[in-house]
Amino acid sequence: MADTLDLDPEWGAIDLIEELEATFGFKIKDEEAERCCTVGDVYDVVCAHTAGWDDQEGLCGSSMVFYRLRRALRFKDKRSITPSTPLAHLGPSPSKLMDGLAKRSGLRLPVHTLTGLGNTGAVSLLAGIVLSVVAAFNAHWLFAGASACGAIIGLILVCRDPGCFPNGIQTLGDLVHRAVPLNSKLVKEFGGRPAARWSILTAIAAEYGKLKPGDISTETYLHRKSLDEASAA
């Protein structure tokens, strides 16, 4: 079956394209962007503007990212840490580990997800804010106060949520593999060999969409609107 990143049809694809422009250093024309319905279409545009990208030389990008992450770990015996080291052994919780590594390493890392606790809190937070505003606008002060309390409880749940590691990432090596394409511009600046164009595209697309990089193909649609239009044709 055809699949989709399920991006927002108005802004999701624009955000993706803007980040690709910043990463690869070129401008995608409006008419080129309008023709992009699938990830393969975007890849063709990237390739047309970046001839020779995959032939660049330099230090191993994976090694650079691995050692940068290892230095950022608050772990006594860092020499014992290898790419096969489970991330669960390196921090008190996925959210604290990922946020700390990103801050101390200066690298962009894939976004960690919330557990059921955090998702419940997020829903409570959003609902509480909306209901309190509506109630206050209609002068229902008691209900507005109760809704505000619900929002505060939701915020507490989100803050206390331990989080989950991004889907498919269990070891430090898994994290390095996902982080290299997300930091290709930085790797290149420090004399490293940037990731291949397809790896960069799928890694960035996974940050905006709902699929893992390995599940994205050239036939993956950017958003459900294009998928529905293609199915109806």
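These questions and answers concern a predicted model, in particular its largest pocket and two of its helices.

Colleague: What volume does the largest pocket have, and which residues are the closest to its centre?

Modeller: The volume of the largest pocket comes to about 390 Å³. Of the 17 residues that line this pocket, the closest to its centre are Ala-13, Ile-14, Ile-17, Ala-33 and Glu-34.

Colleague: Which helix gives the largest share of the lining of the largest pocket?

Modeller: Helix H1, residues 12-24, and helix H2, residues 30-34, each supply at least two residues of that lining. The largest share is 5 residues, and the helix from which these come is H1.

Colleague: How many charged residues are in the lining of the largest pocket?

Modeller: Sorted by class, the lining has 9 nonpolar residues and 2 polar ones. The remaining class in that lining, the charged residues, numbers 6.

Colleague: Is Thr-23 buried or exposed?

Modeller: Thr-23 is found in helix H1, and, leaving aside residues up to four places away in sequence, it touches Trp-53, Lys-185, Ile-200 and Ile-204. Its relative accessible area is 16%, and because the cut-off for a buried residue is under 20%, Thr-23 counts as buried.

Colleague: Which helices do the buried residues of H3 pack against?

Modeller: Helix H3 spans residues 39-49, and within this helix Val-39, Gly-40, Val-42, Val-45 and Val-46 are buried. The partners of these buried residues of H3 are helix H10, residues 197-208, together with H1 and H2.

Notes
Residues numbered from 1 in each chain as written. Predicted model: local features only at pLDDT ≥ 70, side-chain atom pairs only at ≥ 80, totals over all residues. Heavy atoms only, no water. 1 Å grid on protein atoms, 1.4 Å probe; cavity = no way out; pocket = protein on both sides within 12 Å on 5 of 7 lines; lining within 4 Å. Points joined across faces, edges and corners; volume = space filled by probe spheres on them. Helix = DSSP H or I, 4+ residues; strand = E, 2+ residues; numbered from the N terminus. Nonpolar A, V, L, I, M, F, W, Y, C, P; charged D, E, K, R; others polar. Buried < 20%, exposed > 50% of the residue type's maximum accessible area, 1.4 Å probe, protein only. Contact = heavy atoms within 4.5 Å.
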